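Visitor: I'm new to this one and would rather look hard at a single part than skim everything. Could you take me through a stretch of it, and what sits around it?

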Amino acid sequence: MTSKEKVAALREEMQKNNVDAFIVYSADPHMSEYLPEEWQERSWLSGFLGSAGFVVITKDKAGLWTDGRYYTQAATELDGSGIDLFKDGLEDTPNYIDWIISEIPANGKVAVNALATSHANWELLTQKLNSKNITLVDLPLLKEIWKDRGAPSKNPIFVHPVERAGKSVAEKIAAIRQKMEDQEATVHIISSLDDVAWTLNLRGSDVESNPVFLGYIVITKNDAILFTDLEKMQVESRKQMDEAWVKMKPYEEFYNCLKEYKNEKVLVSPNSNQSIFEALKSENQFIKAAVPGNLMKAQKNETELEGFRKVMVRDGVAMVKFLYWLTHSAGKEAMNEYSIGEKLRNFRAEGENFVGESFNSIIGYKGNGAVIHYSAKSEGSKEVTNDGSILVDSGGQYLEGTTDITRTLALGAVSEEFKVNSTLVLQGMIRLSMVKFPKGTRGVQLDVLARLPLWMNGKDYNHGTGHGVGSFMNVHEGPQNIRKDMNPQELLVGMVCSNEPGYYVEGEYGIRHENLIAVKEAETTVSGTFYEFETLTYCPFFKDTIVKNILSEEEIAWLNNYHKTCEEKIAPYLEGEVKDWFMELVSPL
């Protein structure tokens with residue numbers, strides 16, 4: 001079926017159930033950003049493949065809301081679907097709940113799938129809709145029309161050993177129980193897949209590019225229970241659970257087990273799905289707060305940080321070999337955006353303990369670089385020659401850590417405007433890399449540093465400057481970030497973030513420069529404790545697109561020192577023409 005036919009089939013189900021509007025969030029029962037194939041409901045219905053966005057279907061209208069990363073992509077992928085694009089974040093874009101209220105009759109009915117709706121969204125919807133006497137109900141209507149959605153994977157669940165995790169399962173559960181006690185909780189539910197995997201030092205591959213598996217954890221004062229597909233548990237995984245006194249039960253028993261809890265104080269994240277709250281709401285008291293392990297996971301211990309440093313050398317070697325191949329082969333051999341991504345994956349696969357990509361590589365040639373989360377298709381992707389610019393945003397999953405890096409380079413002639421803008425983006429990245437900041441600083445307070453060179457020239461970008469990154473875990477991780485949004489989470493020692501300002505000219509080119517950075521303590525003065533960033537990524541920038549007089553002497557010194565570090569880390573693993581080319585690349589600006 002086409003998207004238009006799917007929407008029509010959904011409207012038939014809505015009519016049968018007297019539903020005036022149906023909301024399809026981009027979510028699974030674990031509120032994941034990247035979804036198992038069988039839970040990609042919004043993508044299946046609309047044809048829009050971005051990781052963020054949701055669809056609202058009424059009896060005669062349809063809309064998709066998504067953020068600035070996907071405006072261009074969504075407009076293309078929604079073409080012909082009958083679904084209108086609403087650009088979330090722009091002043092004239094209506095709030096989706098207000099839009100629903102304006103489009104359906106008073107005393108109407110709105111439906112969602114509670115399994116794929118967060119409690120926070122359910123509460124907000126209920127509050128706003130009830131004020132207009134509109135009812136919210138749980139009706140998984142897409143079950144009736146998406147018949148071939150597939151089944152969960154049977155990929156094995158394997159051990160992430162303490163030698164790489166830095167802390168044992170028992171230590172992590174003890175720390176979580178202490179936080180439960182602090183909040184007077186008697187039961188704690190963990191439903192987000194990365195928190196489940198981190199807590200139990202287990203990994204899997206149920207979600208593409210993310211080393212996680214489908215599972216829930218329930219922790220009480222005396223018990224810890226993992227609910228997952230027990231057939232997937234390897235012998236060593238079972239042994240690790242037994243040694244940590246973690247019980248194991250089938251995944252499908254989770255909701256029935258929740259109904260057994262009575263008169264408990266349940267610590268559960270408001271971002272957990274609504275079905276969890278429905279199963280527990282009888283005779284229990286909720287403590288709605290962030291999962292304690294989420295912040296623990298974000299603050300990498302020294303073992304995890306050392307893992308990052310090791311894989312960054314490995315990843316840097318792969319990137320340098322790839323960039324040499326790309327710059328020397330473009331225009332001489334046939335290639336397209338998709339085949340370039342495959343080639344990059346092959347270079348990474350030569351490295352020790354490579355597991356896979358940390359996300360689908362974003363290879364944007366010329367105008368496609370302006371599509372912020374562009375994804376080249378295997379069929380019909382753009383041919384690449386030795387002309388113009390290319391943006392390469394990619395990353396790897398290694399047993400010791402996760403990488404995410406972007407380099408934008410010229411494959412041939414580029415305009416002076418491109419070089420100026422590329423330098424302004426690089427300048428912003430350098431300024432954020434150099435900053436020293438007091439303890440208690442939030443990411444929103446540092447975001448301006450990366451944007452200021454662009455702002456001073458009347459330019460900006462529609463995405464965050466930095467996101468958290470996991471340790472052999474999801475490439476996007478919270479609770480910290482560096483962006484315009486007012487996130488109250490302060491930056492803490494051990495947190496790993498991306499540093500990735502950009503600039504995009506639709507239809508012409510995109511520019512993004514990205515390294516990973518880790519928060520570390522710098523010094524303590526009479527004014528208090530100050531932090532700074534350790535740059536983790538080792539891969540040079542291209543001097544032929546840098547306008548030197550834009551950069552200050554201090555910024556040039558930073559770049560030269562960075563390139564010297566890249567030389568020390570990467571050069572021992574290179575030889576021949578690749579090494580000669582690399583040494584020129586890292587020579588002082």
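Guide: Glu-555 counts as buried, at 5% relative accessibility; buried means under 20% relative accessible area, exposed means over 50%, and partly exposed is what falls in between (1.4 Å probe, protein chains only). Before going on, a word on the ground rules: this is a predicted model, where local features need pLDDT of at least 70, side-chain atom pairs count only at pLDDT 80 or more, and totals for chains, interfaces and linings use all residues. Residues are numbered from 1 along each chain as its sequence is written, and side-chain values use heavy atoms, with hydrogens and water left out.

So what does Glu-555 pair with? Its partner is Arg-431, in a salt bridge whose closest N and O atoms are 2.8 Å apart. Arg-431 belongs to helix 15 (residues 416-434) and Glu-555 to helix 17, so the bridge ties together parts that are 124 residues apart in sequence. Helices (H or I, at least four residues) and strands (E, at least two) are DSSP runs, numbered from the N terminus. Unlike its buried partner Glu-555, Arg-431 is partly exposed, with a relative accessible area of 29%. A salt bridge here is a side-chain nitrogen of Lys or Arg within 4 Å of a carboxyl oxygen of Asp or Glu. As background, side chains of opposite charge can pair when their charged atoms come close.

Now step back along the chain to Leu-551, which sits in the loop between strand 28 (528-535) and helix 17 (553-570). Leu-551 counts as buried, at 7% relative accessibility. Set aside its neighbours within four places in sequence, and Leu-551 touches Thr-423, Gln-427, Ile-546, Ile-556 and Leu-589, where contact means heavy atoms within 4.5 Å. Another spot to find is Pro-453: it is 98 residues from Leu-551 along the chain, with 10.0 Å between their C-alpha atoms.

Two cysteines are worth a look as well. Cys-539 is buried at 0% relative accessible area, and Cys-566 counts as buried at 0% too. What keeps Cys-539 from bonding to Cys-566? Their sulfurs are 6.7 Å apart, and although Cys-566 holds the closest cysteine sulfur to that of Cys-539, this is too far for a bond. A disulfide is a pair of cysteine sulfur atoms within 2.5 Å, and the structure holds zero of them.

Back to charges. By the rule above, the count comes to 34 salt bridges. One of them joins Glu-477 to Lys-300, with 2.7 Å between the closest N and O atoms. This pair links distant parts of the chain, 177 residues apart: Glu-477 is in strand 23 (residues 477-482), while Lys-300 is in the loop between helix 12 (292-298) and helix 13. Both Glu-477 and Lys-300 are buried. They also belong to a network of salt bridges, along with Asp-194, Asp-195 and Lys-297. Elsewhere, Asp-460 forms a salt bridge with Arg-451, the closest N and O atoms being 2.8 Å apart. Asp-460 is partly exposed, at 28% relative accessible area, whereas Arg-451 counts as buried at 1% relative accessibility.

From Lys-300 you can move on to helix 13, which is home to Arg-309 and Arg-314. Arg-309 is buried, with a relative accessible area of 17%. Outside its neighbours within four places in sequence, Arg-309 is in contact with Glu-302, Glu-534, Leu-536 and Tyr-538. Arg-314 is buried, and its relative accessible area is 17%. Beyond its own neighbours within four places, Arg-314 is in contact with Gly-351, Glu-352, Asn-353, Tyr-398 and Glu-400. A polar atom of the Arg-314 side chain lies 2.7 Å from the backbone oxygen of Glu-352.

Last stop, helix 14. Its buried residues are Glu-337, Ile-340, Gly-341, Leu-344, Phe-347 and Arg-348. They cover an arc of only 115° around the axis, which puts them on the same side of helix 14; the arc is that of the directions from the helix axis to the C-beta atoms. In general, an α-helix has 3.6 residues a turn, so residues three or four places apart point the same way. The elements that the buried residues of helix 14 pack against include helix 13 (302-329), strand 15 (354-357) and strand 17 (389-394).

Definitions and conventions
A polar contact is a pair of N or O atoms within 3.5 Å; within protein, one must be able to donate a hydrogen and the other to accept it, and residues adjacent in sequence count only if both atoms are side-chain atoms.
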